[in-house]
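Dear colleague,

Please find below the structure that I am handing over to you. My account of what was found in it follows directly after.

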Amino acid sequence: MLTVLMYILVPMPCLFFGGGSPDFLNTRDAGDWADAAKFLTGFSAVGSIAIPAILHHAGLIKAGAMYIEFVSFFILLCTVLTFNQVTKEESW
């Protein structure tokens, strides 16, 4: 459930500080709020991977559960990247 919380937190900085558009992630001079959003997005993404690894290291979950969590993160990442590419194309 902790990783579900992290999956929910990943898009929140974009919604709150970026105006709902992920374009602020590609700019360098977007301002202090955009920098805070980039940090929080990175923190949430790393936390999505780190939480299962820490729980496995502590012996609270098995290796299979950790690998399933990594696969789900990979699927989520591929989905987001695909959506980003599709929405950037003008031919739709």
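I begin with a pair of side chains: phenylalanine 39 and phenylalanine 43 are both exposed. Please bear in mind throughout that this is a predicted model. The two phenylalanines belong to helix α3, where they sit four residues apart, about one turn of the helix. The count of aromatic pairs comes to one. That pair is formed by phenylalanine 39 and phenylalanine 43, and it is stacked, with 6.5 Å from centre to centre and 20° between the planes.

Overall architecture

The chain contains four helices and zero strands, and its pattern along the sequence reads α-α-α-α. Of its 92 residues, 18% count as buried. The area exposed by the chain is about 6900 Å², and carbon and sulfur atoms supply 72% of it. If one takes the contacts between residues at least 6 apart in sequence, 52% of them join residues at least 24 apart.

Confidence

The average pLDDT of the chain is 80, and 84% of the residues score at least 70. Among the elements of the chain, the highest mean pLDDT belongs to α4, at 87, and the lowest to α1, at 76. I would ask you to keep the value for α1 in mind when reading the next section.

Where α1 meets α3

Which residues does methionine 6 contact, once its neighbours within four places in sequence are left aside? They are Phe43, Ser44, Gly47, Ser48 and Ile51. Methionine 6 itself is found in helix α1. It counts as buried because its relative accessible area is 9%, and the cut-off for buried is under 20%. The C-alpha atoms of methionine 6 and glycine 47 are separated by 6.6 Å, although these residues are 41 apart along the chain.

Serine 44, one of the contacts of methionine 6, has its place in helix α3. Serine 44 has a relative accessible area of 4% and is therefore buried. With neighbours within four places in sequence again left aside, serine 44 is in contact with Met6, Leu9 and Val10.

Leucine 9, listed among the contacts of serine 44, lies in helix α1. Is leucine 9 buried or partly exposed? Its relative accessible area is 35%, so leucine 9 is partly exposed. Leucine 9 and serine 48 are 39 residues apart in sequence, while their C-alpha atoms are 9.7 Å apart in space.

A further position in α3

Alanine 34 is also of interest, and it too is found in helix α3. With a relative accessibility of 5%, alanine 34 counts as buried. Its C-alpha atom is 6.1 Å from that of phenylalanine 17, and the two residues are 17 apart in sequence.

Helix α4

Helix α4 spans residues 63-88, which gives it 26 residues. From its first C-alpha to its last it reaches 38 Å, close to the 38 Å expected at 1.5 Å a residue. What are the buried residues of this helix? They are Met66, Glu69 and Phe73. These buried residues pack against α1 (2-9) and α3 (32-57).

Leucine 76 also lies in helix α4. At 33% relative accessibility, leucine 76 counts as partly exposed. Leucine 76 and tyrosine 7 are 69 residues apart in sequence, and 8.8 Å separates their C-alpha atoms.

Annotation from the record

An unreviewed UniProt entry lists residues 6-25, 37-58 and 64-83 under "transmembrane region". In the model, the chain over residues 37-58 is 95% helix and 0% strand, and the C-alpha atoms at its ends are 30 Å apart. Over residues 64-83 the chain is 100% helix and 0% strand, with end C-alpha atoms 29 Å apart.

In short

Two points may serve as a starting place for your own reading. Methionine 6 of α1 is in contact with Phe43, Ser44, Gly47, Ser48 and Ile51, and the buried residues of α4 pack against both α1 and α3. The stacked pair of phenylalanine 39 and phenylalanine 43 involves two residues that are both exposed.

With kind regards

Notes. Residues are numbered from 1 along each chain as its sequence is written. Side-chain values use heavy atoms; hydrogens and water are left out. The expected span of a helix is 1.5 Å times one less than its number of residues. Buried means under 20% relative accessible area, exposed over 50%, partly exposed in between (1.4 Å probe, protein chains only). Contact means heavy atoms within 4.5 Å. Accessible areas come from the Shrake-Rupley method with a 1.4 Å probe; for residues, only the protein chains shown count as cover. Rings of Phe, Tyr and Trp (its six-membered ring) pair if their centres lie within 6.5 Å; planes under 30 degrees apart count as stacked, over 60 as edge-to-face and the rest as tilted. UniProt positions are given in the numbering used here, feature names are shortened, and annotations may be inferred rather than shown by experiment. pLDDT is the predictor's confidence in each residue, from 0 to 100.
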